[in-house]
Amino acid sequence: MEKIRIVIAGPRGRMGQEAVKMVHETNSFELVGVIDRKKEHSNLNELEGFTGISAPIYVEMENCLVETKPDVLIDLTSPETGMFHTRLALNHGVRPVVGTTGFSNEDLLELEQLCEKSGLGCIIAPNFAVGAILMMKFSQMAAKYFDDVEIIELHHDQKLDAPSGTAIKTADMISKVRPSKEQGHPNEKETHMGARGANIDGMRIHSVRLPGLIAHQQVMFGADGQTLSIRHDSFNRASFMSGVKLSVEQVMKLDVLVYGLENILE
Ligand code: NAP
């Protein structure tokens with residue numbers, strides 16, 4: 001069986017380093033290039049922490065795609081760069097697997113149309129941890145019975161977007177089964193701006209940013225005399241890699257955009 005040829009954007013990043021390791025250790029995958037804007041060396045194996053992992057380093061995505069002819073791009077960068085890379089990959093016949101968070105609804109619509117036009121698959125997953133997907137699904141189940149819910153998402157303090165993609169996705173999934181509702185007292189007033197968090201369809205989302213955290217989320221439901229909390233914790237970034245691996249395998253069989261790992265889990 002031919003190996004799946006992969007390019008990774010953001011290999012020096014916290015997620016990127018884990019992805020490089022995962023691709024290197026997977027027999028059916030081949031790392032054919034990486035995108036690193038710093039490009040202090042010409043090959044990844046010259047960089048600290050990547051001894052024995054050989055892949056040419058490129059600064060420009062377009063150049064990399066033309067020269068390495070990958071099947072899949074794994075993007076783990078930042079929202080603007082991620083969108084630029086994903087668009088470029090689809091225009092070059094390469095299937096993107098995107099872990100980068102912070103894409104807007106307009107971005108997703110544009111990429112959906114690009115996939116339709118090119119007949120290529122693309123997977124965008126705000127959370128690659130299987131446990132986090134189950135947390136979202138369980139929350140959607142609970143929301144049928146509890147329509148008062150608040151989401152508390154907790155991440156490390158280097159995260160660029162808030163609320164997290166996972167929190168937004170959870171709220172969207174809950175909105176599909178929960179009648180629209182403004183929560184809290186109708187006359188409540190914030191004496192300090194932001195105290196009640198972001199508002200998605202009346203649900204409140206609170207974003208905690210602290211060093212020491214990785215990625216955590218608690219979905220709290222309340223009703224008369226009872227609360228229910230559903231919580232997931234990622235304690236390291238390796239927890240995301242089984243989802244990235246599965247996405248690379250699945251994207252090869254797709255010809256549309258899939259948003260969310262839950263849509264490819266059986
Ligand atoms: P990080 O440690 O800051 O790494 C980001 C990497 O992207 C850095 O190496 C950075 O390079 C590179 N980069 C940024 N802009 C670039 C550009 N214009 N060209 C080339 N490289 C560029 O961040 P992280 O924690 O790995 O997270 C990366 C993304 O994944 C974020 O969007 C985060 O929210 C998301 N994430 C997703 C999941 C999931 O399960 N889907 C889980 C965790 C995180 P420099 O060092 O040069 O800046």
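This report describes a predicted model, beginning with its ligand and moving on to its strands and to some uncommon backbone angles.

## The ligand and its surroundings

In this predicted model, the ligand sits in the largest pocket. A shell of 20 residues surrounds the ligand, and the closest of them are Met15, Arg37, Thr101, Ala125 and Phe128. When the residues of this shell are sorted by character, six are nonpolar, nine are polar and five are charged.

Some nitrogen atoms of the ligand have N or O atoms of the protein as neighbours, and these can be found one by one in the structure. A backbone N or O atom of Ala125 is 2.8 Å from a ligand nitrogen, and Gly99 likewise offers a backbone N or O atom, 3.1 Å from a nitrogen atom of the ligand. In Thr81, by contrast, the N or O atom belongs to the side chain, and it lies 3.0 Å from a nitrogen atom of the ligand. The ligand taken alone would expose 920 Å², and of that area the protein buries 81%.

## The open sheet of seven strands

Seven strands form an open sheet with parallel pairing, and their order across the sheet is β3-β2-β1-β4-β5-β6-β12. The edges are formed by β3, at residues 57-58, and by β12, at residues 257-259, each of which pairs on one side only.

Within this order, β1 (residues 4-9) and β4 (residues 72-75) are joined in the parallel sense by four bridges. To see one such pairing in the structure, the reader can look for Val7, whose bridge partner in β4 is Leu73. As a general point, the side chains of a regular strand alternate between the two faces of the sheet.

## Pairing around β7 and β9

Another group of pairings involves β7, which covers residues 148-155 and runs parallel to β9, at residues 203-209, with six bridges joining the two. Among the residue pairs here, Ile151 stands opposite Ile205 in β9, while Leu154 has Val208 of β9 as its bridge partner. Strand β7 also pairs with β10 (residues 215-223), this time in the antiparallel sense and over eight bridges, and Glu150 has Met220 in β10 as its bridge partner.

Strand β9 pairs in turn with β8 (residues 198-200), in the antiparallel sense and over three bridges. In this pairing Ala198 has Ile205 of β9 as its bridge partner, and Ile205 is also the residue that Ile151 stands opposite. The strands β8 and β9 form a hairpin with two residues between them, and in the turn Asp201 has a positive phi of about 55°.

## Uncommon backbone angles

Most residues other than glycine have a negative phi, and most peptide bonds are trans. Which residue in the hairpin turn has a positive phi? It is Asp201, in the turn between β8 and β9. Lys69 also has a positive phi, near 45°, although this residue is not a glycine, and Lys69 lies in the loop that runs between α2 (61-68) and β4.

A further feature of the backbone is the cis peptide bond that joins Ala162 and Pro163, where omega is about -5°. Pro163 has its place in the loop between β7 and α6 (165-175).

Methods: Residues are numbered from 1 along each chain as its sequence is written. This is a predicted model: local features need pLDDT of at least 70, side-chain atom pairs count only at pLDDT 80 or more; totals for chains, interfaces and linings use all residues. Side-chain values use heavy atoms; hydrogens and water are left out. A residue is near a molecule or strand if one of its heavy atoms lies within 4 Å of it. A polar contact is a pair of N or O atoms within 3.5 Å; within protein, one must be able to donate a hydrogen and the other to accept it, and residues adjacent in sequence count only if both atoms are side-chain atoms. Accessible areas come from the Shrake-Rupley method with a 1.4 Å probe; for residues, only the protein chains shown count as cover. On a 1 Å grid over the protein atoms alone, a cavity is a set of points where a 1.4 Å probe fits but cannot get out, and a pocket is an open set with protein on both sides within 12 Å along at least five of seven lines; lining residues have an atom within 4 Å of a point. A molecule sits in a cavity or pocket if more than half of its atoms lie within 2 Å of its grid points. Ala, Val, Leu, Ile, Met, Phe, Trp, Tyr, Cys and Pro count as nonpolar, Asp, Glu, Lys and Arg as charged, and the others, Gly among them, as polar. Two strands pair if DSSP finds at least two bridges between them.
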